[in-house]
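I opened a fresh page for this one and kept my notes in the order I looked things up. Sheet, core, loops and charges each get an entry.

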Amino acid sequence: GARWSLRSRLTWTLGAATLLIWCASSLWLYRAVIDTANRLFDAALDNTANAVLAVVRNEASELTETKEGVGFELAVIDQSIQNDTVYQVLGPNGIMVFRSHGAPIVPLAAAQSRGFGNTRIDGKEYRVFTLATELNAATIHVAQPISRRTELARAGALRLQIPGAVLMLALIGAVAWSVRKATAPIVRYADSLDTLT
């Protein structure tokens, strides 16, 4: 009884310590992956905004102002496959002159907004990046649904947890084996004492 109590206590103590260390490291890894993913998503919004800005600058010299005073009149390109990232182009007077397929009709941000922000439109939350041309001739809003960002980030983080979980199980098995190996002489000694009584 006592020998098994010693062995089981050592196994449970070391196993619990291994599990706690794995949980702490997994939590840190999960948060680090989520943070890194969000930074990458933000960088993608920034890159997309600059790409749209480059197109607007190239088209600006060929476009004439309309009677309504809209500085840029861009043709709407219908995309058959909806992208998670959407964007809008507003003219100098704040009127939307172009929006990508799937983008909401309501402006994603105020015309004077710049940089990153969050907004809610029709019950859907977006992460938005806003960029403007020189003299605010055009304003570009690029956005991605926060729910989609969260879904992708969590999926990536959980995939990275799998090797750690497998390693943790292997470590617990190794701990149990090591405890058994280390306590074997004590168990044999206890057995020899039992035979003398």
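**Entry 1: the core.** By a nonpolar core I mean a set of buried Ala, Val, Leu, Ile, Met, Phe, Trp, Tyr and Cys residues joined through side-chain atoms within 4.5 Å. One reminder to myself before going further: this is a predicted model. I asked which residues of the largest nonpolar core touch the most other members. The core has 14 residues, and the ones I wrote down are A49, V52, V89, I140 and V142. Next I checked where the core residues come from: α1 (2–60), β1 (86–90), β2 (96–99), β4 (124–132) and β5 (139–145) each give at least two of them. Helix α1 has the largest share, with five residues. I also found a second, separate core of seven residues, with A103, Y126, V128 and A143 among them.

**Entry 2: a closer look at I140.** Leaving out residues up to four places away in sequence, I listed what I140 touches. From the N-terminal side I noted A49, V52 and L53, then Q88 and V89, and finally F129, T130 and L131. A49, V52 and V89 were already on my page, as they are among the core residues that touch the most other members.

**Entry 3: the sheet.** As background, strands of a sheet pair through backbone hydrogen bonds, either parallel or antiparallel. Which sense applies here, parallel or antiparallel? The pairing is antiparallel, and five strands make an open sheet in the order β2-β1-β5-β4-β3. At the edges I find β2 and β3 (115–121), each of which pairs on one side only. From one strand to the next, the twist averages 25 degrees. I then picked out β1 and β5, which pair in the antiparallel sense over five bridges. Following L90 across, I reached its bridge partner T139 in β5.

**Entry 4: S100.** I found S100 in the loop between β2 and β3. Is S100 buried or exposed? S100 is buried, as its relative accessible area is 3%, and the cut-off for buried is under 20%. Setting aside residues up to four places away in sequence, S100 touches T85, V86 and Y87. I took the distance to V86 as well: the two C-alpha atoms are 5.7 Å apart, while the residues are 14 apart in sequence.

**Entry 5: D122.** I went to the loop between β3 and β4, where D122 sits. D122 has a positive phi of about 55 degrees, although it is not a glycine. D122 counts as exposed because its relative accessibility is 75%.

**Entry 6: salt bridges.** Side chains of opposite charge can pair when their charged atoms come close. How many salt bridges does the structure hold? There are six, and I went through a few of them.

- R39 and D35: their closest N and O atoms are 3.0 Å apart. Both lie in helix α1, four residues apart, about one turn of the helix. R39 is exposed at 57% relative accessible area, whereas D35 is partly exposed at 38%.
- E125 and R120: I read 2.5 Å from N to O for this salt bridge. E125 counts as partly exposed, at 36% relative accessibility, and R120 is exposed, at 52%.
- R149 and D42: these side chains meet in a salt bridge at 3.0 Å, N to O. R149 belongs to helix α2 (residues 146–196) and D42 to helix α1, so the pair ties together parts that are 107 residues apart in sequence. Both R149 and D42 are buried.

**Entry 7: the network.** I wanted to know which residues are linked with R149 and D42 in a network of salt bridges. R127 is the one I added to my page, as D42, R127 and R149 are linked in this way.

Note on methods. Residues are numbered from 1 along each chain as its sequence is written. This is a predicted model: local features need pLDDT of at least 70, side-chain atom pairs count only at pLDDT 80 or more; totals for chains, interfaces and linings use all residues. Side-chain values use heavy atoms; hydrogens and water are left out. Buried means under 20% relative accessible area, exposed over 50%, partly exposed in between (1.4 Å probe, protein chains only). Helices (H or I, at least four residues) and strands (E, at least two) are DSSP runs, numbered from the N terminus. Contact means heavy atoms within 4.5 Å. Two strands pair if DSSP finds at least two bridges between them. Axes are lines fitted to C-alpha atoms, for helices over the stretch in contact, and angles run from 0 to 180 degrees between N-to-C directions. A salt bridge is a side-chain nitrogen of Lys or Arg within 4 Å of a carboxyl oxygen of Asp or Glu.
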